Amino acid sequence: MTNKEVLDFEDFDELKIAAYKVALIWKGFEFKANWLDGYLNKYANGSLASIYKNVILSYKLYLAGETTEEDGKKALEKHEEKFNKLDGMLNNIFLFQDTMRKAFLERKMKFGSVSFVCPICGGEAYGSKIETPTNPAHKTTLRAGCQGCGFIVMN
Ligand SMILES: [Zn+2]
C-alpha cells in the first residue's frame with residue numbers, strides 16, 4: 001500500500017494548466033530543485049508523473065527565460081504526444097478488461113478460460129481467471145491477451 005496521491009487529468013490541457021500553476025509557484029521559490037522534488041514526492045511515480053514533471057520543467061525554462069517561446073511550444077507538443085499515447089494505452093486496458101468481463105458474464109463463468117474478439121484489433125483474444133486464495137496479492141489471478149495485436153493484461 002502507498003499513501004501517495006495518483007495524478008489524474010482529463011486531458012492534456014488540464015495537465016498543462018496544472019503544470020503552469022506549479023511552475024509559477026516554483027518561480028516564487030526561485031526554481032530551487034528541492035522545492036519541486038518535495039512537491040512531486042507526494043505523487044506516485046509513473047509515466048504520467050514523469051510527463052507532468054517534464055511539462056513543469058518546460059514551463060520553468062520558459063519562465064526563467066532559458067528557452068524561446070517557439071522552442072517551449074515544440075517541447076510541449078512532444079509532451080502532448082507522449083500523453084496521448086499513454087492515455088490511449090490506459091483506455092485500451094479498460095476496454096480490454098471490460099470486454100473480457102462481459103465474455104465471462106455471457107458464459108455465466110466466474111473462473112476458467114474464455115476467448116473473445118479483441119476490442120482493439122478485432123483479433124482472437126483470450127482471458128483466464130484462476131482462483132488463487134492463498135496468493136497474498138490477489139485472490140484471483142488474471143491472464144489475458146490477444147494473438148492479433150499482442151496486447152497483454154495481467155494482475
Ligand atoms: Zn488485439
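**Close-up views of a predicted model**

On the outward side of helix 1, the residues Asp13, Glu14, Ile17, Lys21, Leu24, Ile25 and Gly28 are exposed. The model shown in these views is a predicted one.

**View 1. Helix 1 has a buried side and an exposed side.** Helix 1 runs over residues 12–28, and its 17 residues reach 25 Å from the first C-alpha to the last, close to the 24 Å expected at 1.5 Å a residue. Within this helix, Phe12, Leu15, Ala19, Val22, Ala23 and Trp26 are buried. These buried residues lie on the same side of helix 1, because they cover an arc of only 105° around its axis. An α-helix has 3.6 residues a turn, so residues three or four places apart point the same way. The cover over the buried residues of helix 1 includes helix 2 (33–40), helix 3 (47–63) and helix 4 (69–106).

**View 2. Two residues with positive phi follow helix 1 and lead towards helix 2.** Just after helix 1, Glu30 takes a positive phi of about 55°. Phe31, which is found in the loop between helix 1 and helix 2, has a phi near 50°, a positive value in a residue other than glycine. Is Phe31 buried, partly exposed or exposed? Phe31 counts as partly exposed, because it has 16 C-beta neighbours inside 10 Å, and a residue needs 20 or more to be called buried.

**View 3. Asp37 is an exposed residue of helix 2.** Asp37 has its place in helix 2, and it is exposed, with 10 other C-beta atoms within 10 Å. Asp37 and Lys74 are separated by 37 residues in sequence, and in space they are 25 Å apart, C-alpha to C-alpha.

**View 4. Helix 3 turns one face towards its covering helices.** The 17 residues of helix 3 should span 24 Å at 1.5 Å a residue, and the end C-alpha atoms are 24 Å apart, which agrees. The buried residues of helix 3 are Leu48, Ile51, Tyr52, Val55, Ile56, Ser58 and Tyr59. Seen down the axis of helix 3, these residues fall within an arc of 155°, so they line one face of the helix. What covers them includes helix 1, helix 2 and helix 4. Gly65, which follows helix 3, has a positive phi near 70°.

**View 5. The largest nonpolar core draws on helix 1 and helix 3.** Which residues have the most contacts inside the largest nonpolar core? In this core of 13 residues, they are Leu15, Ala19, Ala23, Tyr52, Val55 and Ile56. Helix 1 and helix 3 each supply at least two residues of the core. Tyr52, leaving aside its neighbours within four places in sequence, is in contact with Leu7, Leu15 and Ala19. A second, separate core has 8 residues, among them Cys118, Ala125, Cys146 and Phe151. In soluble globular proteins, nonpolar side chains tend to be buried together.

**View 6. Lys108 sits in the loop that leads from helix 4 to strand 1.** Although Lys108 is not a glycine, its phi is positive, at about 50°. Lys108 is exposed, with 6 other C-beta atoms within 10 Å.

**View 7. Four strands form an open antiparallel sheet.** The 4 strands are arranged in the order 1-2-3-4. Strand 1 (112–117) and strand 4 (152–154) stand at the edges, and each has a single partner strand, so one side of each is left without a neighbour in the sheet. From one strand to the next, the twist averages 10°. Helix 4 lies across strand 1, strand 2, strand 3 (140–146) and strand 4, and it runs at about 115° to strand 1.

**View 8. Strand 1 and strand 2 form a hairpin.** Strand 1 and strand 2 (residues 124–131) pair in the antiparallel sense over 6 bridges. Along this pairing, Val114 stands opposite Gly127 in strand 2, while Ser115 stands opposite Tyr126 in strand 2. The hairpin has 6 residues between its two strands, and Gly122 in the turn has a positive phi of about 80°.

Conventions
Residues are numbered from 1 along each chain as its sequence is written. The expected span of a helix is 1.5 Å times one less than its number of residues. A residue is buried if 20 or more other C-beta atoms lie within 10 Å of its own, exposed if 12 or fewer, and partly exposed in between; C-beta atoms are placed from the backbone. The arc is that of the directions from the helix axis to the C-beta atoms. Two residues are in contact if their C-beta atoms, placed from the backbone, lie within 7 Å. A nonpolar core is a set of buried Ala, Val, Leu, Ile, Met, Phe, Trp, Tyr and Cys residues joined through C-beta atoms within 7 Å. Two strands pair if DSSP finds at least two bridges between them. Axes are lines fitted to C-alpha atoms, for helices over the stretch in contact, and angles run from 0 to 180 degrees between N-to-C directions.
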